[in-house]
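Here is a walk through some local features of this chain, from single residues to packed helices. Keep the viewer open as you read.

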Amino acid sequence: MTDQNLAIVVLAAGQGTRMKSATPKLLHPIAGLPLVSHVLATAKALDAATIVTVVRHERDRLAAVVSAELPESIIVDQDEVPGTGRAVEQAVAALPADFDGDVLVINGDVPLLDAQTLSQFVAAHRESGASATVLSAVYDDATGYGRIVRGDGGAFDGIVEQKDATPEQLAIGEGNAGVYVFSAAALRQQLGKLTTDNAQGEKYLTDVIGLLRAAGSDVSAVPVAEAWLVAGVNDRAQLSEAALRLNALIVRGWQLAGVTIQDPASTWIDLKATLAPDVTLLPGTQILGATVVATGAIIGPDTTLVDCEIGEGAQVRRSDATLAVVGAAATVGPFAFLRPGTILGTDGKIGAFVETKNAKIGTGSKVPHLSYVGDATIGEHSNIGAGSIFANYDGVNKHSSQIGSHVRTGSHGVFVAPITIGDGAYTGAGTVVRKNIPAGALAISVAPQRNMEGWVHTHRAGSAADDAAQAAQAE
């Protein structure tokens, strides 16, 4: 049920210069989703009456993601006045004029903060009756964080920034996590008093806390259970730390759901992936995008699947696949490369050092080794010989090949598209197929073999080969 007394403001206007990247910080991915998408998903889960996302840097790119992930969000463009205080000021102005509930402010670069933690945070705020509540965390090393100063009895007294802290205050381990919930009326009253009269020339949201305290309003601080929940991402190192933490949570979740993961440290699973019970993931496996793996399948080791469908009991070993479908009980690899459009049927096989692209391989059919199959359809229970090439490109256009069922092709064949091979047909080793083959026919294109007696002695006299040949002939 929608909480009519809750509005959420997502701060997503920062430039993120410490990422040193052409990609906006909030669009860097972890677990297959941009940073901001994790925050938007959390905001959506809280079912607030209104969600406002404030953007500025790379505005269009960010707004496109916000609109796709959370269409109901109001997008507000921060103006030339910098600072989180100004961002919230503009966001609050976008709320309905009669909204008098609570305003939760969260940052777009804190991807691990979950809805349950925020729900408990809002509940604690409402229970306290305070005008504002600060989310805090206890750090092993609080360097860089504003310290939460508490008075007698542990009541919140204020936030002291590191540069202003005394030695005693610097020893405090509880820091400001940068997440707040305000009474809308109190927030509106104090936002108008913010100024840019500071070294950075910004309107700071933290100043609202000081203004509320100066006005005699109650402010409380609630610590999270674990500091990593509120860890922000400001550079590539922190991005990888957040990704590692989130992946560990995802992996453990699938383990508890019945998936065998032999080496969690080397296994990566995106949030949108789906794994059935009794799937086995071997070391070095990446299950990315919206990949779906059915029960009993064995994936890995050293395998990457992106947006794939893997059937029940299938095996994919040391291979790379994108937008591919592998049928039940089929096998892939080792060292196979399945490109988009590959469909391998039930009990089929794509073997060692095989590349496929836009290829439909029927039930029980096999491409065992050292082959390229592109823009082709292969029927049921056919076998493609080792070292076969489907020549699908004429230098201008791509063409397709149609291979029937129960076809047997010899090793080192070349199929020059467009061609059709009928059911039950055979091709000899080394055949270059340039025209259609009728059902049940044998196609060969090799010239008769001719042996030129004495060629080595005539042209390579005195060589080791000639010596060996002469010795063999003398026996």
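A471 is partly exposed, with a relative accessible area of 42%. The model is a predicted one, and in it A471 sits in helix α10, residues 464-474. If you want a feel for how far things spread out, try K366: 105 residues away from A471 along the chain, with 45 Å between the two C-alpha atoms.

Now for two residues that are tucked away. W254 belongs to helix α8, which covers residues 236-256. Its relative accessibility is 19%, so W254 counts as buried, the cut-off being under 20%. Setting aside residues within four places in sequence, W254 is in contact with V259, I261, I269, A273, T274 and L275. A447, on the other hand, is 58 Å from W254, C-alpha to C-alpha, at a sequence separation of 193 residues.

S401 is in strand β32, residues 401-403, and at 1% relative accessibility it counts as buried. What does S401 touch, not counting residues up to four places away in sequence? The list is D375, A376, T377, F390, F415, A417 and I419.

One of those contacts, A417, brings us to the backbone. A cis peptide bond joins A417 to P418, with omega about 0°. P418 lies in the loop between β34 (414-416) and β35 (419-421). There is also a cis peptide bond between G333 and P334, where omega is about 5°. This time the proline, P334, is in the loop between β24 (331-332) and β25 (337-338).

Two other loop residues deserve a look for their phi angles. D347 has phi near 65°, a positive value in a residue other than glycine. You'll find D347 in the loop between β26 (343-344) and β27 (349-352), partly exposed with a relative accessible area of 44%. H406 isn't a glycine either, yet its phi is positive at about 55°. H406 is in the loop between β32 and β33 (408-409), and at 47% relative accessibility it counts as partly exposed.

On to the helices, starting with α2. Which residues of α2 are buried? They are L62, A63, V65 and V66. Looking down the axis of α2, these buried residues fall within an arc of 160°, so they line one face of the helix. That fits the general geometry: an α-helix has 3.6 residues a turn, so residues three or four places apart point the same way. On the other side of α2, D60 and A68 are exposed. The cover over the buried residues of α2 includes β1 (3-12), β3 (33-34), α1, β4 (48-55) and β5 (74-77).

Helix α6 (residues 184-191) can be read in much the same spirit. A184, A186, L187, Q190 and L191 are buried there. Down the axis of α6, the buried residues are within an arc of 160°, so they line one face of the helix. Among the elements covering them are α3 (84-93), β6 (102-107), β10 (174-183) and α7 (206-214).

Two packed helices are described by the angle between their axes and the distance between the axes. Here are those values for two pairs.

| Helix pair | Angle between axes | Distance between axes |
|---|---|---|
| α3 and α6 | about 125° | 10 Å |
| α1 (residues 35-45) and α2 (residues 59-69) | about 35° | 10 Å |

Take α3 and α6 with their angle of about 125°. That angle makes α3 oblique to α6. The crossing of these two helices is left-handed. G85, V88, E89 and V92 of α3 make the contact, together with L187, R188 and L191 of α6. Sorted by class, the contact of α3 with α6 has 4 nonpolar, 1 polar and 2 charged residues. Note that L187 and L191 are also on the list of buried residues of α6.

As for the other pair, α1 passes α2 in a right-handed crossing. V36, S37 and L40 of α1 meet L62, V65, V66 and E69 of α2. By class, this contact of α1 with α2 comes to 5 nonpolar, 1 polar and 1 charged residues. L62, V65 and V66 should look familiar, as they are among the buried residues of α2.

Note on methods: Residues numbered from 1 in each chain as written. Predicted model: local features only at pLDDT ≥ 70, side-chain atom pairs only at ≥ 80, totals over all residues. Heavy atoms only, no water. Buried < 20%, exposed > 50% of the residue type's maximum accessible area, 1.4 Å probe, protein only. Helix = DSSP H or I, 4+ residues; strand = E, 2+ residues; numbered from the N terminus. Arc of directions from axis to C-beta. Contact = heavy atoms within 4.5 Å. Axes fitted to C-alpha atoms, helices over the stretch in contact; angles between N-to-C directions. Parallel < 35°, antiparallel > 145°, perpendicular 65-115°, else oblique. Left-handed = near helix turned anticlockwise from the far one by under 90°. Nonpolar A, V, L, I, M, F, W, Y, C, P; charged D, E, K, R; others polar.
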